[in-house]
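This briefing covers selected strands and helices of the structure shown below. The topics are taken in turn, each under a short heading.

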Amino acid sequence: MERIKYILDEKQMPTRWYNIQADLPEPLPPYLHPGTKEVTRLPPPLFCEEINRQEFSKERYIDIPEEVQSIYRTWRPTVLYHAVGLEKALGTPAKIYYKFEGSSPPGSHKPNTAVAQAYYNKKEGVKRLSTETGAGQWGSSLAFACQLFGLECKVYMVRVSYNQKPYRRIMMETWGAKCVPSPSPDTKVGRDVLAKDPNANGSLGLAISEACEDAFSREDTKYSLGSVLNHVLMHQTVIGQESLMQMEMVGNYPDIIVGCVGGGSNFAGMFLPFVKEKINGQKKNLRIICAEPTSCPSLTKGPYAWDLGDVAGMAPIAKMFTLGHDFMPPPVHAGGLRYHGMAPIVSFLHKLGFIEAKAVPQIATFEAGITFARSEGFISAPETNHAIRVVIDEALKCKQSGEAKTILMCHSGHGHFDMAAYDSYLSGKLTDYDYPEDLVKESLKTLPEVPAEFK
């Protein structure tokens, strides 16, 4: 009988987060202050002290507080599946495994950091958190975490996703959060955008600006980010640490690891504990492939440059692959992948050649998601479908070559609140969006100037 599930005991759940900054071959470029252009930490009015300490820590491991571990155990360790159904459907000799993060209460990987961030803010006396969300996975996760620790939560949800995914908004409200579409009339930056274009679709960069302005304007409020930053990626490494143990149970090591990237947190959480062995030369041939949309392809089309993390210039300037902070991506259903930049750690590893990237169009990702649902049963989020597309493409290459490679995928979450998108695909109404080259060129003209020593 072929084994399908690889399950860890609760006692095997990681009790420390892994910090890749201890093992990078070179230090990460610093953050620069958006006004002075000097080296800066995360703005203290926005972030609590422990989050700031973790952002720049070089400790290889940081202990996970017992209170956070206790909540993690609601859904962790998550299951590693052997995708036997998908292998048969494709007729491939490849061995495909996926780490399923859709079993958390909000249905994705996002609470791995939401719970930690809410815990540290509560411990430092914060009463309220503001944040942004794209497709709603992050917003619903922070709403869930804030409810656990008795914090108020305000979520600015990118308007196009707010309209596409009403049940995500209702999830946030069920957990007691307030969710508004971005651009909103609640902030100056939102009002300015609405004055120029009352029907603006919004973007993650704009929603970040609104959430930051909200936090800056209130003494009882801190800001919380669901991706991109170093501490967020570190909190997600419970995924990769568990996967390492589960692949040992399988008795095999992956040849290829695949995940979707918007800001980069879910996939970094998976691959960072693995890339350490590629950096130190133990696994030189391991391939790590980031899957991103062709309509917002920061890693495959953007330059590696200094750019702002948000539209209004409130967040620090970071060195990253970017399409320009003014870029407003097309309204694809994978709202979590509509960010103009990429996490500095993911960007740095891509620049150094340790990880690859591939851009895939929207319709092909839903085609892959349907194949996955009909062979494995799980209906995946539109973001996850990007990873599934790349996994299927790699597995079909194995079919042609006859190679039995081992492919590991980070499955970032279910798509139960994305059925309108699936309906659009099944009824033939879904469209692809070409790479908006002219818009990106215009946006890249607004990259910030930085002092010569950083060029």
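In this predicted model, helix 5 (residues 137-149) lies across strand 8 and strand 9 (152-158). The direction of helix 5 is at about 165° to that of strand 8. Helix 7 (residues 166-174) lies across strand 8, strand 9 and strand 10, and its angle to strand 9 is about 170°.

**The four-stranded sheet**

- Strands 10, 9, 8 and 11 form an open sheet in the order 10-9-8-11, and their pairing is parallel.
- Strand 10 (178-182) and strand 11 (221-223) are the edge strands, each of which pairs on one side only.
- From one strand to the next, the twist averages 25°.
- Strand 8 (residues 128-133) and strand 11 run parallel and are joined by three bridges.
- Within strand 11, Tyr223 is the residue that Ser130 stands opposite.

**Strand 13 and its neighbours**

- Strand 13 (residues 287-293) is largely enclosed by the rest of the structure, because six of its seven residues are buried, that is, under 20% relative accessible area.
- On pairing with strand 12 (residues 256-260), strand 13 forms five bridges in the parallel sense.
- Ile289 of strand 13 is the bridge partner of Val258.
- A right-handed β-α-β unit is made by strand 12, helix 12 (residues 265-279) and strand 13.
- Strand 13 also pairs with strand 16 (residues 356-360), in the parallel sense and over five bridges.
- Val360 in strand 16 has Pro293 standing opposite.

**Helix 17**

- The buried residues in helix 17 (residues 419-426) are Ala421, Tyr422 and Ser424.
- Viewed down the axis of helix 17, these buried residues fall within an arc of 155°, and they therefore line one face of the helix.
- As general background, an α-helix has 3.6 residues a turn, so residues three or four places apart point the same way.
- Helix 15 (362-376) and helix 16 (382-401) are included in what covers the buried residues of helix 17.
- Gly428, just after helix 17, takes a positive phi of about 75°.

Key
Residues are numbered from 1 along each chain as its sequence is written. This is a predicted model: local features need pLDDT of at least 70, side-chain atom pairs count only at pLDDT 80 or more; totals for chains, interfaces and linings use all residues. Side-chain values use heavy atoms; hydrogens and water are left out. Buried means under 20% relative accessible area, exposed over 50%, partly exposed in between (1.4 Å probe, protein chains only). Helices (H or I, at least four residues) and strands (E, at least two) are DSSP runs, numbered from the N terminus. The arc is that of the directions from the helix axis to the C-beta atoms. Contact means heavy atoms within 4.5 Å. Two strands pair if DSSP finds at least two bridges between them. A crossover is right-handed if, with the strands pointing away from the viewer, the path from the first strand over the helix to the second runs clockwise. Axes are lines fitted to C-alpha atoms, for helices over the stretch in contact, and angles run from 0 to 180 degrees between N-to-C directions.
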